[in-house]
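Open the model in your viewer and keep the selection box handy. This tour moves from stop to stop, saying what to select and what is there.

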Amino acid sequence: MNIHGTPLSPQARFLHDLMTGAARPARWERLLEDLMTGVTTLAAQGMDASRCSAYELGALLLTACRVDMEPGVAYLARWEVEREMRERQPLFTPEACAGLFDAMAGRQGDIRVAVGALVRCPAGAPLDRLADPARIMVQRLLRKDRLDEPFPLLAAAGLAGLDAEVAERLTAGRGPLAVAEVELLLGWDPTRRALFAEFVRETSETTPSYSAPPPLPDARERLSVLAGYAAFARTTVEAAAARVDAIHAGELPYRAEKAFGMEEKQTIGRAVRIALLRDEPWLPGPLERLVRGVAVAPTKAKTLPSQGVLFEIARAAEEHPTPEAVTALRVARNLTRHAGVPKQLDRMLKRIEPALADRVEVAFRLPGLPGGRVRETLGEHTAVISIEGEAELSWWQGDRKLKSVPAAVRREHPEEVKRLRELAKQVRLQQTTLVRALEAGFAHQVAPPYRQLEGHPIADRLIWEFEVSPGVWRSELGLTVPDVPVRLWHPARATPDEVRAWREIVQDKELRQPFKQAFREVYLLTPAEEETATYSNRFAGHVVGYHKLYALLKQRGWRAPYLGPWDGGVDGEARRVLGGGGWRATFLHDYLWDEDGYAATGQVRFERAADDGWREAPLTEVPPLVFSEAMRDVDLFVAVASIGAEPEWFDRGADRLRDYWRSYGFGDLSETAEVRRDALARLLPRLAIADRCALTDRFLVVRGDLRTYKIHLGSGNILMEPNDAYLCIVPKRSGDRVFLPFEEDGGMLSVIVSKAFLLAADTAITDPTITRQIRP
């Protein structure tokens, strides 16, 4: 069967026949009742649009537009097609595109759906055939004064030859920057206008459409390469900066929050997004002027020229951050006098900093410190900010390091002390962001510009690989080999002997790496995962503290809705894009209704980027480093958030959760715990308590004077010999007493070592909450 120039598969034909009344499933009279009671599903009745191609979806959308909103089988089939449409990108033949315009004109449909077909018609939309239905839609909207979707309206006006009428209505009351944007689009053909409408849908809060596909994922990238819009973006940002300059110079009157109109705010936001995406070299100067100018009044008032523009730029920076944009927003945060603005900017900057770490092509441009340190003399004392380890501000008198800020410096140079503290804080943030960017580069398909880091103290503590001849890579510490391709060394690409050798070097040099590299976990595909094919259950079935899990998801760059005990707040899907945007991992988790504050972990799945959106991929096709890095994150979530790692959980919760706590708290080791065991094996001979410690497959066994203790290497939980009685010790954070080659999220290696030192000297323990367990 062929409709609208699209051959239909049996599945697509069945959906088409259901919507047109040409077919009805068996027992169709009871189908709705069965669906409501959960006896059956649409997929079980063959109504599964996920199996349709992108072109079939486009053809079926046209059929769905003609189905009445009356309960019945036809409506159920329409609902399934529109549900799938909201998840994927359809494609249209020229015949389907023309038919969709006719249907939308005849049934007063959503103009966004019709205009969207222009940019989803690879063979080219039949523009001459669309003029009449486009004219009907435009005239109807103008007659009803429906101007809430101006850019789809402009695209349809270009088809209908109604530019003058629409432009007159759209420019009325808009500020000059927004008017200039409309005038720019009037010089474009309808298809380019439709592309711009997709960009607006993606970046603006518009009324949702229940029959339209999601905005084109590459709309802004396609728009960014148009020279006309790139030039307009520069003109817009510079004009906006000039306006706030004039307000501060007294050349224009100041009115709080009136520097720009609502439409102008949105125009500026779009221009800044494209300029940030393109990483335009001209942008930092005018952007800083604009951000500073809108953040503070030209008078002593606590108001602002435009909170809206300030926050719109911050939202744009979250999507396409650059170091310069982050710096400009931090300056604005410190300048503003409004009580609420710094708090809001702080929240936004907490999201922007991690986003910058994921944009590795610009993150390496973060400002550093010359020679890895800053030295400033204040009277008889010297302030030093160093990034050779963790960035810190220290104070010296001659060659003697002081414990705190000298009283004389605090008294005589208070502003300098404040400035240096802020600089040290900023350097720490930049260092954290740079480390995140480096770690994110592991899973990229193309090596980031690592050479920008030559001479940086962070790069000197990492292992690199250099392609010394085609296909031959040699690993070295630091960026030491010039003028050849370079990438970060990863243990998944190394032999076991090489991994052992690098771990020995890191341990012997007492080299604290900025993130786990030599001791990094490797996750290989298992036979069980090859059998399940499209999903992994490796980390399913764990019970975790939900708030801790959610914080870890955000920290590691996963996007997930916040869950809770309300309708729709139970099923969670956390997603992270990897491989330079080509792959996406999904981690399923469910909020536990009957255990408030806890969640259960589920499957891990992978999707590949395709022309029509994300498409599920077999695990065997996922690049090994993408798979390993995603699974490492999920292992981390379980290891840190599991109730099995909470020492005090033993006396809480339902019986079934206590059973899980025991199985996790003393069970087999995960990959993370296996790496921890290897690190401890190298570390133990160096400890003062080495003669009291021994490693088994799952435990660090510590001999005290009163008892012998078994510390689980996964959870840190403790059993006491001879009867395996549980010992509850809640760890207190303190500085490492020995060198550790890495610091994990959750710090379990530090916890285990500190517990070992404590228990090896058990006769010296005075805490009654511990002694009454050891000496019952």
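Start with E353, which sits in helix α18 (residues 341-358). Helices here are DSSP runs of H or I with at least four residues, strands are E runs of at least two, and both are numbered from the N terminus. This is a predicted model, where local features need pLDDT of at least 70, side-chain atom pairs count only at pLDDT 80 or more, and totals for chains, interfaces and linings use all residues. Residues are numbered from 1 along each chain as its sequence is written, and side-chain values use heavy atoms, with hydrogens and water left out.

Is E353 buried or exposed? E353 is buried, at 11% relative accessibility. Buried means under 20% relative accessible area, exposed means over 50%, and partly exposed lies in between (1.4 Å probe, protein chains only).

Now show the contacts of E353. Setting aside neighbours within four places in sequence, E353 touches V326, R330, L429 and T433. Contact means heavy atoms within 4.5 Å. Add P321 as well: its C-alpha is 8.0 Å from that of E353, with their places 32 residues apart in sequence.

**The second largest cavity**

Keep E353 selected. Add P323, V326, T327, R330, L366, Q426 and Q430; together with E353, these residues line the second largest cavity. A cavity is a set of points, on a 1 Å grid over the protein atoms alone, where a 1.4 Å probe fits but cannot get out; lining residues have an atom within 4 Å of a point. The space in this cavity is about 60 Å³. Grid points are joined across faces, edges and corners, and a volume is the space filled by probe spheres set on the points. By this rule the structure has three cavities of 30 Å³ or more.

Which helix gives the most to this lining? Colour α17: it supplies four residues. Helices α17 (323-335) and α21 (414-440) each bring at least two. By class, the lining holds three nonpolar, three polar and two charged residues. Ala, Val, Leu, Ile, Met, Phe, Trp, Tyr, Cys and Pro count as nonpolar; Asp, Glu, Lys and Arg count as charged; the others, Gly among them, are polar.

Stay on α21 and pick E422, which lies in this helix. E422 is partly exposed, with a relative accessible area of 37%. From E422 to I387 is 15 Å, C-alpha to C-alpha, and 35 residues in sequence.

**A glycine in α15**

Jump to G293 in helix α15. G293 is buried, at 5% relative accessibility. Beyond its neighbours within four places in sequence, G293 contacts V244, H248 and P305. Draw a line from G293 to L366: the C-alpha atoms are 24 Å apart, and the residues are 73 apart in sequence.

**The cores**

Next, select Y229, F260, L290, L310, L438 and W464. These have the most contacts inside the largest nonpolar core, which has 139 residues. A nonpolar core is a set of buried Ala, Val, Leu, Ile, Met, Phe, Trp, Tyr and Cys residues joined through side-chain atoms within 4.5 Å. Zoom in on L438. Not counting residues up to four places away in sequence, L438 touches F364, Y450, L453, I458, L462, W464, L488 and F515. A second, separate core has 42 residues, including V543, W558, L563 and W583.

W583 leads to E607, since the two are in contact. E607 belongs to strand β14 (residues 598-610). E607 is buried, with a relative accessible area of 17%. Its other contacts beyond four places in sequence include R575, R584 and W614.

**Cysteines**

How many disulfides does a search of the whole structure find? Zero. A disulfide is a pair of cysteine sulfur atoms within 2.5 Å. Select C121: its nearest cysteine sulfur, that of C97, is 4.9 Å away. C121 is buried, at 7% relative accessibility.

**Backbone stops**

Most residues other than glycine have a negative phi, and most peptide bonds are trans. Select D279, in the loop between α14 (262-278) and α15 (284-295). Its phi is positive, about 55°. D279 is partly exposed, at 26% relative accessible area.

Finish in the loop between β19 (718-721) and β20 (725-727), where P722 is found. The peptide bond from E721 to P722 is cis, with omega near 15°. D724 is in this loop too. Its phi is positive, near 55°. D724 is partly exposed, with a relative accessible area of 39%.

Definitions and conventions: On a 1 Å grid over the protein atoms alone, a cavity is a set of points where a 1.4 Å probe fits but cannot get out, and a pocket is an open set with protein on both sides within 12 Å along at least five of seven lines; lining residues have an atom within 4 Å of a point.
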